[in-house]
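Here's a quick walk through one chain, from a pair of rings out to the whole fold. Have the viewer open as you read.

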Amino acid sequence: MVESDYNYYTPYEGNIICMNGVTGTVFTVKKEEFDLMKKVMQDKDLQEKHSELTHKLIKTRFLTTSMDDEKEYLKELNKRINSDGTWHLTLNPTQNCNFRCWYCYEKHPKGYMQPETVERIKHLVTHIFEKGNTNHFVLSWFGGEPLLYFEKIVYPLSVFIKQYAEEHHAKFLNSITTNGFLLTNTVIEKCKNIGLKNFQITLDGDKESHDKIRNQGGKPSFDKILQNCITLCNSYPEATIKLRINYNSDTIQRDFSKILSAIPENLRSRFYIQFQRIWQTYQKESNDELVKRVLDENFFKLKKEGFNLSINANYNKFGGILCYADRINYANINYDGNVYKCTAQDYTPETALGYLDENGEIRWDKEKTKGISKQAFFDNPACLNCKYLAVCGGPCFYAWWKCVRNKKNIECPNKKDKLDIDLPLFIREYYLGHLKRKALLH
């Protein structure tokens, strides 16, 4: 047996955190115990002598017969995830938005989803369930700002799809990415009817920074959006919010435990705080030690105040696929009926991969989608020879697609050395999250 390349270690409070990226097993050991564990993994005679420890290391995949076995396991996991009965559909009711954030990659053309497109989507959903192999349907709303057309599109289509899922005994999950400005009491009450309980809402740093970026004719929005989040959690016990905080090297130096102090203590466990650097500032500002330090300080203070952290944007325990768009049974339908696979790009004829026809069939462009379902996107030499694969996942669909379209070899798309949240920080927070989940179970 040999030590897995997908083992990761980092010091923590005088001990060593040990994590296996394939199984997600994580624990701490003292330095002398760590030294023994490493010796055992590197010496077959010691493996026989310490048979009980060896058995545990094999069970958790810290020890493996060969790295080829681990790579094959990840490929098989990808296949299993892609055939687990899940269908994920993202709908864009509009590309229009009530804000105009300077960094947004979308052009925000006016217009919204017309009745004929709505009917085509209903036909698509009908076809999906009639095939009889869908036991979990994930519906996501994106834009533009989807709440601009909540009454006209989001609510009635959600009612239709939720009912269809229930009739076919499929688990139904409804989520939305919204700026939160239009999240009124009426909207919240109707969200309960359609099971729309997972919200991603963004704040642009602190109040001063946010109100400069997200305003309507100069009218500020920070307080209103934050209050809408509080109202949502107060009146909808099942709702959770991933509160994404955009930052740059300046705004991250604020104390966000104070900025978010208006959120009542009893609601904070429903908020998952995710810090995300504004991507246009990565090139000149990333990998800054000051940023990493103040990020860490904010993590500590926010957890102390009862908030959850969501740090899985850059690293994660590998679950078979990296992103929702990596699923074979995934489609993102724009308001105009064109079909895409990635929401993190502008919606143009070049990036469209097909369209939804009048019968509710997705007509994929065969040339543009060539090779999508043949193998995992990480099934290439660069990823398979990388020790970080199990906490990285390889290229997302869009990174893979661009390389294939341009007939380039797959290159590492993640540039981990340029990220503010590095691997040791991820391992630490993953471990602390594991302890928290363990405590809740007991």
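## Starting with a helix

How many residues apart are Phe160 and Tyr164 in helix 6, and what part of a helical turn does that make? Helix 6 covers residues 150–167, and the two sit four residues apart in it, which puts about one helical turn between them. Bear in mind that this is a predicted model.

The rings of Phe160 and Tyr164 form a tilted aromatic pair, with 5.3 Å from centre to centre and 40° between the planes. Their surroundings get different labels: Phe160 is partly exposed at 22% relative accessibility, while Tyr164 comes out as buried at 18%. The cut-off for buried is under 20%, so the two values fall on either side of it.

## A pair across the sequence

Now for Phe99 and Phe181. Their rings meet edge-to-face, at 5.5 Å centre to centre and with 75° between the planes. Both residues are in loops: Phe99 between strand 6 (86–91) and helix 5 (115–130), Phe181 between strand 8 (171–178) and helix 7 (185–193). The pair therefore ties together parts that are 82 residues apart in sequence.

As for cover, Phe99 is buried, with just 2% relative accessibility. Phe181 is buried as well, at 9%.

## The rest of the rings

Those two pairs have company, as the chain's aromatic pairs come to 24. There is also an aromatic cluster, made up of Phe377, Phe397, Tyr398, Trp400 and Trp401.

## Zooming out

Step back and you'll find 16 helices and 18 strands in the chain. The radius of gyration is 23 Å, close to the 22 Å that the globule rule gives for 442 residues, so the chain is as compact as a globular protein of that length. Laid along its principal axes, the C-alpha trace spans about 70 × 50 × 45 Å.

Inside, 52% of the 442 residues are buried. Take the contacts between residues at least 6 apart in sequence, and 71% of them join residues at least 24 apart.

## Surface and charge

On the outside, the accessible surface comes to about 21,500 Å², and carbon and sulfur atoms account for 50% of that. The chain carries 63 positive and 55 negative charges, and the mean positions of the two sets are 1 Å apart.

Conventions:
Residues numbered from 1 in each chain as written. Predicted model: local features only at pLDDT ≥ 70, side-chain atom pairs only at ≥ 80, totals over all residues. Heavy atoms only, no water. Rg over C-alpha atoms; globule rule 2.2 N^0.38 Å. Buried < 20%, exposed > 50% of the residue type's maximum accessible area, 1.4 Å probe, protein only. Contact = heavy atoms within 4.5 Å. Areas by Shrake-Rupley, 256 points an atom, 1.4 Å probe, with all protein chains shown as cover. Lys, Arg positive; Asp, Glu negative; His and termini not counted. Charge placed at Lys NZ, Arg CZ, Asp CG, Glu CD. Phe/Tyr/Trp six-rings, centres within 6.5 Å; stacked < 30°, edge-to-face > 60°.
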